[in-house]
Amino acid sequence: SHDIADYAVALASATRKHAEIERGLSTRAVLSLISAARAHALWDDRQFVTPNDIRALFAPCLAHRILLKSSLQGSYSRDEASLLLGEIVKLIPPPR
């Protein structure tokens with residue numbers, strides 16, 4: 001639905017504005033997230049995606065796609081990226 005797509009775009013936009021992220025998520029990353037969410041929904045025997053599908057897959061599927069400012073100094077941690085994405089998911093309210 002449009003609400004789910006708008007939610008995924010809002011999450012990606014938040015990564016582009018985050019103070020600790022040098023390069024946020026791209027449009028292709030959003031498309032990948034939505035595709036993964038569709039597969040997640042099918043796995044759960046549903047024909048539709050929920051905000052919980054998006055939330056469940058946001059960090060695990062996309063942590064490798066962001067560039068942290070700390071990585072510019074030579075340190076990179078996918079765990080740190082996952083934590084930041086987890087914070088973003090908590091900040092952006094899902095659609096109802």
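Which residue just after H2 takes a positive phi? Asp45 does, with a phi of about 65°. This report describes a predicted model, in which local features need pLDDT of at least 70 and side-chain atom pairs count only at pLDDT 80 or more, while totals for chains, interfaces and linings use all residues. Residues are numbered from 1 along each chain as its sequence is written, and side-chain values use heavy atoms, with hydrogens and water left out.

## Helices

Helices (H or I, at least four residues) and strands (E, at least two) are DSSP runs, numbered from the N terminus. The expected span of a helix is 1.5 Å times one less than its number of residues. The table lists three helices with their spans.

| Helix | Residues in helix | Span, first to last C-alpha | Expected span |
|---|---|---|---|
| H1 | 16 residues | 22 Å | 22 Å |
| H2 | 17 residues | 24 Å | 24 Å |
| H4 | 14 residues | 20 Å | 20 Å |

## Helix H2 and its surroundings

Helix H2 runs over residues 27–43. Ala29, Val30, Leu33, Ile34, Ala37 and Ala41 are its buried residues. They lie on the same side of H2, because they cover an arc of only 140° around the axis; the arc is that of the directions from the helix axis to the C-beta atoms. Here buried means under 20% relative accessible area, exposed over 50%, and partly exposed in between (1.4 Å probe, protein chains only). An α-helix has 3.6 residues a turn, so residues three or four places apart point the same way.

The face of H2 turned away from the buried side carries exposed residues, namely Arg28, Leu31, Arg38, Leu42 and Trp43. Helix H1 (2–17) and helix H3 (51–62) are included in what covers the buried residues of H2. At the start of H2, the backbone nitrogen of Arg28 has a side-chain oxygen of Ser26 within 3.4 Å.

## The loop after H2

Asp45 lies in the loop between H2 and H3. Its positive phi occurs although Asp45 is not a glycine. Most residues other than glycine have a negative phi. Asp45 is exposed, with a relative accessible area of 74%.

Two salt bridges are counted in the model, a salt bridge being a side-chain nitrogen of Lys or Arg within 4 Å of a carboxyl oxygen of Asp or Glu. One joins the side chains of Arg46 and Asp44, at 3.3 Å from N to O. Another joins Asp53 to Arg46, with the closest N and O atoms 2.8 Å apart. Asp44, Arg46 and Asp53 are thereby linked in a network of salt bridges. Burial varies among these residues: Asp53 is buried, with a relative accessible area of 1%, Arg46 counts as buried at 16%, and Asp44 counts as partly exposed at 41%.

## Helices H1 and H4 and the core

In H1, the buried residues are Ile4, Tyr7, Ala8, Leu11, Ala12, Ser13, Ala14 and Thr15. These residues pack against strand E1 (21–23), H2, H3 and helix H4 (78–91); contact means heavy atoms within 4.5 Å. At the start of H1, a side-chain oxygen of Ser1 comes to within 3.3 Å of the backbone nitrogen of Asp3.

Helix H4 has Ala81, Leu84, Leu85, Ile88 and Val89 buried. Seen down the axis of H4, these buried residues fall within an arc of 145°, so they line one face of the helix. On the other side of H4, Asp79, Leu83 and Lys90 are exposed. The buried residues of H4 pack against H1, E1, H3 and strand E2 (67–68).

A nonpolar core is a set of buried Ala, Val, Leu, Ile, Met, Phe, Trp, Tyr and Cys residues joined through side-chain atoms within 4.5 Å. The largest such core has 27 residues, of which Leu11, Phe58, Leu85 and Ile88 touch the most other members. H1, H2, H3 and H4 each supply at least two residues of this core, and H1 gives the most, with six residues. Apart from its neighbours within four places in sequence, Leu11 is in contact with Ile54, Phe58, Ile88, Val89 and Ile92.

## Leu25

Leu25 is found in the loop between E1 and H2 and is buried, with a relative accessible area of 2%. Not counting residues up to four places away in sequence, Leu25 touches Ala12, Thr15, Arg16, Phe58, Leu62, Arg65 and Ile66. Leu25 and Ala14 are 11 residues apart in sequence, and their C-alpha atoms are 8.8 Å apart in space.

Technical notes
A polar contact is a pair of N or O atoms within 3.5 Å; within protein, one must be able to donate a hydrogen and the other to accept it, and residues adjacent in sequence count only if both atoms are side-chain atoms.
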